[in-house]
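Thanks for coming. I have one structure to go through today, and I will take the contacts in turn. Please have a look at it first.

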Amino acid sequence: MRQIGRFYLIAILLFLYTPIAVMMAMGFNESPLYELPFTFSTRWYEALLSNQPLLRAGANSIIIALITAVIATTLGTMASVALSRRTFRGKSLLQVLLLPPIAIPWLITGTAMLIFFYWSGIGRGMHALLIGHVALAIPYVVLVVGTGFKTVRADLEEAAMSLGSTPVHAFFSVTLPLLYPSILGAALFAFAVSLDQFVISYFLATPGYTTLPVQIYSAIRKGFTPEINAISTLLLLGSMAAILIFARFAKPGDTRDKR
Amino acid sequence: MTNVKVKSVAKTYGPIPVLTDISTEFPEGSFTSLLGPSGSGKTTLLRIIAGFIKPDEGVIMIGNNDVTNVPVWGRNIGMMFQSYALFPHMTIAQNVAFGLERRGIKGEAAHKEVDRALEMVRLWGFGDRTPKQLSGGQQQRVALARAIVIKPSVLLLDEPLSALDRRLRQEMQVELLRIQRESGLTTIFVTHDQEEALTLSDKVAILDRGRIVQIGDPETVYEKPLTRFAAEFLGDSNFLSGKVENGAVRLSNGTVVRSDSALPGNGADVTLAIRPEKMSLATADSQPNRLSARITTVIYAGPVLSYILETPDGLPLKLFAQNRDGRVLREGETVSLSWSPEHTIAVAN
Ligand SMILES: Nc1ncnc2c1ncn2[C@@H]1O[C@H](COP(=O)(O)OP(=O)(O)OP(=O)(O)O)[C@@H](O)[C@H]1O
Ligand SMILES: [Mg+2]
């Protein structure tokens, strides 16, 4: 049984990481056509440095993802607080409505957004991308932070209030520190959702303002060069670093309760 | 260290009245238990006094201040929760210092107070640990230290010991009483453990469906229950019903029972309560009140014997006897019971 389990795990890791490893390696291969034998070279990284559109799209992607993470995490956390700790009219409806967007195919959401943004005069471009990404990321944040809330007992805030804390102080001194790993996880989620986002970005980007996935897509259509491997590698390393930092602080899968 | 007054407090949730016209006083330095079955409104009353719930009607006074419209954080209360509610991300010392900090007491002064409070609950030297490193009983002591270190006007406890096992619970009862006496804090303690209420309290308030049906010292409440509910909820009781006849009570089977309680006029219906341990097996020098009954069940519990009996007309009775001579009666035997008029209490239905 254990043997099978181990084999299974190794197979999964292999299927996940082999393509990525190949891609990273090819970024350092001399040949533009992925020919072997492998000859180490940094020429694609040098080429990348002078590929302004790709670099700009990469920077855009990161900036959008960062802003999305900040805004979506703040708004989503606030929504979570309301959903977990307060009672108000229409709460259950809101709770139900927040989740389907996760399951709705992005193509449909994207089309809807494009139509709505066009119709309402919001148009396309950076602001439209931001609005779209934030809207997309909020349900994930509410889900992650809401789950975190379940591990923080409500009577902790009450205890703080009995000791003289206002509700705001109780939230910031007790609930927030305990919720912090969930919030960090949610922010990472929001960041990833935005960074990954292709369909909606494709609809909302303008020729002058694109994100990396959109730029890569149009570059591939013109002809693939290993520069794309290079920037993908850089992006990947960045994401991995972020996730490792998160894992270091939040210990996902840690089941200690916070009572 | 102040008295607490509750005046005409009422609370409803939707159509359901949870508390109805509660008026009572908790004297300075007293230990009062709120005792009642589940859903009787104990927690609601405690949380209204704490300020977590606003009453629909009525006034809460702490000392000479009307605090009805003061939120929890302005009331200076000490509260202990069933689940301890220690802050898991803080050390024990930080937990205890939390309320002090809110009152602007910091640094060396706070340090001293924290040490004193931890010493009081016998946890001196545990300050640097985290709540997770303590046992349930120890955590509950920290919660107590955290609540009393701020010198609250009143200490409110909602079943704080119910999560502890029996031995630890008894140990904590003793601790709690000692600390309450030492600190002189006006204390209100919610429980549905009647023994706990009797042993700890100066006063016991019995709640039934949102009303305080009786409040008094444990002895009075136990010996002189005012209502059938109080007689039944606190301890065990036998109930006899009949009609008043010439200053005594005639039961439906014709037996006449005397009571020292004030009885209503001739012909009125009345219910009498008699504690099972106040009844004894009749001997030559027995009490004037007598009934004969057949033993249906014998419960042998070592020092105490419980007999469940039935009178010929089908009335169930209970009798607790000290196991003094080692003689245990058998099921099916018919015996004569006797008890004194003093222990025959007329109760409201
Ligand atoms: N927020 C609320 N909304 C609606 N009904 C409530 C609410 N809080 C309490 N109740 C009702 O009020 C009644 C009294 O509740 P309360 O918690 O005060 O009882 P309790 O005496 O503390 O019971 P227990 O011994 O089970 O703790 C119950 O019937 C309960 O269902
Ligand atoms: Mg309760």
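How much area is buried between chain A and chain B, and what share of it do carbon and sulfur atoms give? Keep in mind that this is a predicted model. The buried area between the two chains is about 1,900 Å², and 66% of that comes from carbon and sulfur atoms. On the chain A side, the residues that lose the most area to chain B are E158(A), S162(A) and L163(A), which together make up 35% of what that side buries. In terms of contacts, 22 residues of chain A meet 21 residues of chain B.

Next, the polar side of that interface. Between chain A and chain B there are 7 residue pairs in polar contact, counting pairs with both residues at pLDDT 80 or more. The salt bridge count between these chains is 1. Its partners are E158(A) and R47(B), with 2.6 Å between the closest N and O atoms. So E158(A) turns up twice: in this salt bridge, and among the residues of chain A that lose the most area to chain B.

Which elements of chain A give two or more residues to the side that touches chain B? They are helix 8, residues 154–162, and helix 9, residues 167–196. Helix 8 gives the most, with 7 residues. Sorted by class, that side of chain A has 9 nonpolar, 6 polar and 7 charged residues.

Now inside chain A. The domain assignment gives domain 1 as 1–41 and domain 2 as 58–249. Their centres, taken over C-alpha atoms, are 30 Å apart. Here 8 residues of domain 1 of chain A are in contact with 7 residues of domain 2 of chain A. The two domains bury about 710 Å² between them, with carbon and sulfur atoms giving 71%. Within domain 1 of chain A, M23(A), M24(A) and Y34(A) lose the most area to domain 2, together 59% of what that side buries. For this pair of domains the rule finds 0 salt bridges, and the count of residue pairs in polar contact, both at pLDDT 80 or more, is also 0. The side of domain 1 that touches domain 2 has 6 nonpolar residues, 2 polar and no charged.

Chain B is divided as well, into domain 1 (4–224) and domain 2 (236–347). The centres of these domains are 39 Å apart over C-alpha atoms. What is the area buried between them, and what do carbon and sulfur atoms give? About 400 Å², of which they give 35%. In domain 1 of chain B, Y222(B), E223(B) and K224(B) lose the most area to domain 2, together 96% of what that side buries. E223(B) also forms a salt bridge with K278(B), the closest N and O atoms being 2.8 Å apart. There are 3 residue pairs in polar contact between these two domains, both residues at pLDDT 80 or more.

Last, the ligand. The residues around ligand 1 include Y13(B), V18(B), E159(B) and H192(B), along with P37(B), S38(B), G39(B) and S40(B). An oxygen atom of ligand 1 lies 2.8 Å from a side-chain N or O atom of K42(B). For G41(B), a polar backbone atom is 3.0 Å from a ligand oxygen. For H192(B), a side-chain N or O atom is 3.3 Å from an oxygen of ligand 1.

That is the tour; questions are welcome.

How values were computed:
Residues are numbered from 1 along each chain as its sequence is written. Chains are lettered from A and ligands numbered from 1 in the order in which they are written. This is a predicted model: local features need pLDDT of at least 70, side-chain atom pairs count only at pLDDT 80 or more; totals for chains, interfaces and linings use all residues. Side-chain values use heavy atoms; hydrogens and water are left out. Contact means heavy atoms within 4.5 Å. Buried area is the accessible area (1.4 Å probe) that two parts lose on being put together, summed over both. A salt bridge is a side-chain nitrogen of Lys or Arg within 4 Å of a carboxyl oxygen of Asp or Glu. A polar contact is a pair of N or O atoms within 3.5 Å; within protein, one must be able to donate a hydrogen and the other to accept it, and residues adjacent in sequence count only if both atoms are side-chain atoms. Helices (H or I, at least four residues) and strands (E, at least two) are DSSP runs, numbered from the N terminus. Ala, Val, Leu, Ile, Met, Phe, Trp, Tyr, Cys and Pro count as nonpolar, Asp, Glu, Lys and Arg as charged, and the others, Gly among them, as polar. Domain bounds come from an automatic or database domain assignment. A residue is near a molecule or strand if one of its heavy atoms lies within 4 Å of it.
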